[in-house]
Amino acid sequence: MKFVRQFRAFPMWARVAAIAAGAVIVVGAISIPVAAVAVDEHNRQLSLERAAAAERQAAAEAAEALADAKGDAARLNAGFDGLTGSLAATVSPDAAATFESARVKLAFAIADGELDEVSAAVTGVTDALEGLAASAQAQAEALITASSLAGASRDALTKAVAELATTDDVTAALTRVKTAADAVVAAQKAGKAAADAAAKERAEAEAEEDASTWDEPADEDPPAYSDPGVEPPGVIGMEPGERGDCGANPTGQVVSMSFSWQARQGNTVDVYYALTDGDYKATSGFTQLVSGAGPSGSTSIPVTCPVGPGPYSFITVKVVASIPGDSATAHYWGL
């Protein structure tokens, strides 16, 4: 009360000034914390916006990385379409099944997987591809060991297996192994067929030799060339001509080789040919080119070129000269 009475004793101007000063002090005390709160709120809002922008950018970058990974994975998987089917027996059924299973997992990851799932599936496919290569190498080496061939087809398979261990393009190397292995198998079959035919010819020759000791029937007609002035049939000349060039990079195209013959007068001539993978006479598998031709003439023999560096086929030509009741056969073979 004393202070009030003293305050009232002040002049009017002094009381107004005191009240104003007090008001400034009060307002100032209030405005300082209010301003501080506003600055903190502004900073917090900026931080939230920056964090949201960074999150959006990270999400966009992750989505782009996932899309790129899926695109690369899809192209990788598509490049293997039909691979195991084309390799056939060159790889084991288990290795082929493992590879196709890995490709199925990759397809699911591409359709609905995250980046780590796609990456893991790609790794699974590449590991399974290495398994295919290991299987092909093992089976090819077993084929080489079991083969009695010492020719170009076996050498080509050995080279293809060696390339398989160092190549960067496993798919192409596997295809070369398949081609070379098929050539070895075909050569083995041809060799077996030739051996079987030779054995058959020997057996027939022995049978004919045994039969020659038999007494001929008295009423059997003698061969026509036993008549005076009739010569036995015979091929007296064969001449191979130019063979078409397969080129530096053959692709299995067909070229031809000309071939001419001469037989004795009055003979009719049939011409046959067969292909082998080595310099030996074919004894089976002949295809007829000429039938009932005159004693001299020529023809063209079709020859299939290899695919890539495979061995070139050798040609066996069989010429049969005939007269009624008898015939004579001659062979030519070579490249």
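Cys-305 sits in the loop between S5 and S6. That residue is a good place to enter this predicted model. Cys-305 is buried, with a relative accessible area of 4%. Setting aside neighbours within four places in sequence, Cys-305 is in contact with Cys-246, Pro-250, Gly-252, Gln-253 and Val-255. Take Gln-253 from that list. Along the sequence, Cys-305 and Gln-253 are 52 residues apart. In space, their C-alpha atoms are 5.4 Å apart.

Another name on that list is Cys-246. What joins Cys-246 to Cys-305? A disulfide does, with an S to S distance of 1.9 Å. The two residues lie in distant parts of the chain, 59 residues apart. Cys-246 belongs to the loop between strand S1 (235-243) and strand S2 (254-263). Cys-305 belongs to the loop between strand S5 (296-304) and strand S6 (314-323). A disulfide is a covalent bond between the sulfur atoms of two cysteines. Is Cys-246 buried or exposed? Cys-246 is buried, because its relative accessible area of 5% is under the 20% cut-off. The link of Cys-246 and Cys-305 is left-handed, with -85 degrees about the S-S bond. The structure holds one disulfide.

Now step back to the whole chain. The protein has seven helices and seven strands. In what order do the elements run from the N terminus on? The order is α-α-α-α-α-α-α-β-β-β-β-β-β-β. The protein has 335 residues, and buried residues make up 27% of them. Consider next the contacts with a separation of 6 or more. Residues 24 or more positions apart account for 66% of these contacts.

The strands come next. S3 and S6 run antiparallel, and nine bridges join them. Within this pairing, Thr-268 stands opposite Ser-322 in S6. S3 also runs antiparallel to strand S4 (residues 287-293), and four bridges join this pair. Here Val-271 has Val-290 in S4 as its bridge partner. In a regular strand the side chains alternate between the two faces of the sheet.

Move to Ile-301, which lies in strand S5. Its relative accessibility is 0%, so Ile-301 counts as buried. What surrounds Ile-301, leaving aside its neighbours within four places in sequence? Its contacts are Val-255, Ser-256, Met-257, Phe-259, Tyr-273, Leu-289, Ile-315 and Val-317. One of these is Phe-259. Ile-301 and Phe-259 are 42 residues apart along the chain. Their C-alpha atoms are separated by 7.2 Å. Val-255 is also in the list for Ile-301. Val-255 is in contact with Cys-305 as well.

Asn-267 leads back to S3. Where is Asn-267 found? Its place is the loop between S2 and strand S3 (268-276). Asn-267 is buried, because its relative accessible area is 3%, and buried means under 20%. Leaving aside neighbours within four places in sequence, Asn-267 is in contact with several stretches of the chain. Pro-233 and Gly-234 are among its contacts. Ala-293, Gly-294 and Pro-295 are among them too. Ala-321, Ser-322 and Ile-323 complete the list. Ser-322 has come up before, opposite Thr-268.

Ile-323 leads on to Val-230. Val-230 is located in the loop between H7 and S1. Is Val-230 buried or partly exposed? Val-230 counts as partly exposed, because its relative accessibility is 36%, between the cut-offs of 20% and 50%. Val-230 and Ile-323 are 93 residues apart in sequence. From C-alpha to C-alpha, the two are 9.8 Å apart in space.

The last stop is the largest pocket. About 610 Å³ of space lies in it. The lining of this pocket has 27 residues. Which of them lie nearest its centre? They are Thr-179, Ala-183, Pro-306, Gly-310 and Pro-311. Three elements each supply at least two residues of the lining: helix H6 (152-164), helix H7 (170-211) and S3. H7 gives the most, with nine residues. By residue type, the lining divides into 14 nonpolar, eight polar and five charged.

Note on methods. Residues are numbered from 1 along each chain as its sequence is written. This is a predicted model: local features need pLDDT of at least 70, side-chain atom pairs count only at pLDDT 80 or more; totals for chains, interfaces and linings use all residues. Side-chain values use heavy atoms; hydrogens and water are left out. A disulfide is a pair of cysteine sulfur atoms within 2.5 Å. Buried means under 20% relative accessible area, exposed over 50%, partly exposed in between (1.4 Å probe, protein chains only). Contact means heavy atoms within 4.5 Å. On a 1 Å grid over the protein atoms alone, a cavity is a set of points where a 1.4 Å probe fits but cannot get out, and a pocket is an open set with protein on both sides within 12 Å along at least five of seven lines; lining residues have an atom within 4 Å of a point. Grid points are joined across faces, edges and corners, and a volume is the space filled by probe spheres set on the points. Ala, Val, Leu, Ile, Met, Phe, Trp, Tyr, Cys and Pro count as nonpolar, Asp, Glu, Lys and Arg as charged, and the others, Gly among them, as polar. Two strands pair if DSSP finds at least two bridges between them.
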